[in-house]
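Student: I would like to learn how to read a few features of a model, beginning with charged pairs. Could we take them one at a time?

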Amino acid sequence: MPGTMARPRTGIERVQTGLRLRPELLKVLRHLAIDQGRPYSALVEEAIEDYLQKLGVEIPQPEAAEE
């Protein structure tokens, strides 16, 4: 897909999900990701983590992916 960025290998396991977002949110998110040189999924993950922390939800530490 043109304009996509590969996520750097971090050793953290991730699963693919299917999110349904408003088109205007996705457009802004993709532009922001390009401006920051990051995949938009990384921005979504960061936003979810921030929201959960704001609510006081404890987030377990990620497990390293097996290679």
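Tutor: Let us begin with one pair: the side chains of Glu46 and Arg38 meet in a salt bridge, at 2.8 Å from N to O, the term being used for a side-chain nitrogen of Lys or Arg within 4 Å of a carboxyl oxygen of Asp or Glu. The general idea is that side chains of opposite charge can pair when their charged atoms come close. This is a predicted model, in which local features need pLDDT of at least 70 and side-chain atom pairs count only at pLDDT 80 or more, while totals for chains, interfaces and linings use all residues. Residues are numbered from 1 along each chain as its sequence is written, and side-chain values use heavy atoms, with hydrogens and water left out.

Student: Are Glu46 and Arg38 buried or exposed?

Tutor: Glu46 counts as partly exposed because its relative accessibility is 35%, and Arg38 likewise counts as partly exposed, at 25%; buried means under 20% relative accessible area, exposed over 50%, and partly exposed in between, with a 1.4 Å probe and protein chains only.

Student: How many salt bridges does a search of the whole structure find?

Tutor: The search finds three. Another of them joins the side chains of Arg14 and Glu45, at 2.8 Å from N to O, and this pair links distant parts of the chain, since Arg14 lies in the segment before α1 and Glu45 in helix α2, 31 residues apart. Arg14 is partly exposed at 31%, as is Glu45 at 29%. Glu24 and Arg22 also meet through their side chains in a salt bridge, at 2.6 Å from N to O, and Glu24 is partly exposed, with a relative accessible area of 43%.

Student: How should I read the packing of α1 and helix α2, and at what angle do they pack?

Tutor: Two packed helices are described by the angle between their axes and the distance between the axes. Here α1 and helix α2 (residues 40-54) pack at about 105 degrees, with their axes 8 Å apart, which means that α1 is roughly perpendicular to α2, a description given to angles of 65 to 115 degrees, whereas those under 35 count as roughly parallel, those over 145 as roughly antiparallel and the rest as oblique. The contact, meaning heavy atoms within 4.5 Å, is made by Leu26, Leu29, Arg30, Leu32, Ala33 and Gln36 of α1 together with Tyr40, Leu43 and Val44 of α2.

Terms used:
Axes fitted to C-alpha atoms, helices over the stretch in contact; angles between N-to-C directions. Helix = DSSP H or I, 4+ residues; strand = E, 2+ residues; numbered from the N terminus.
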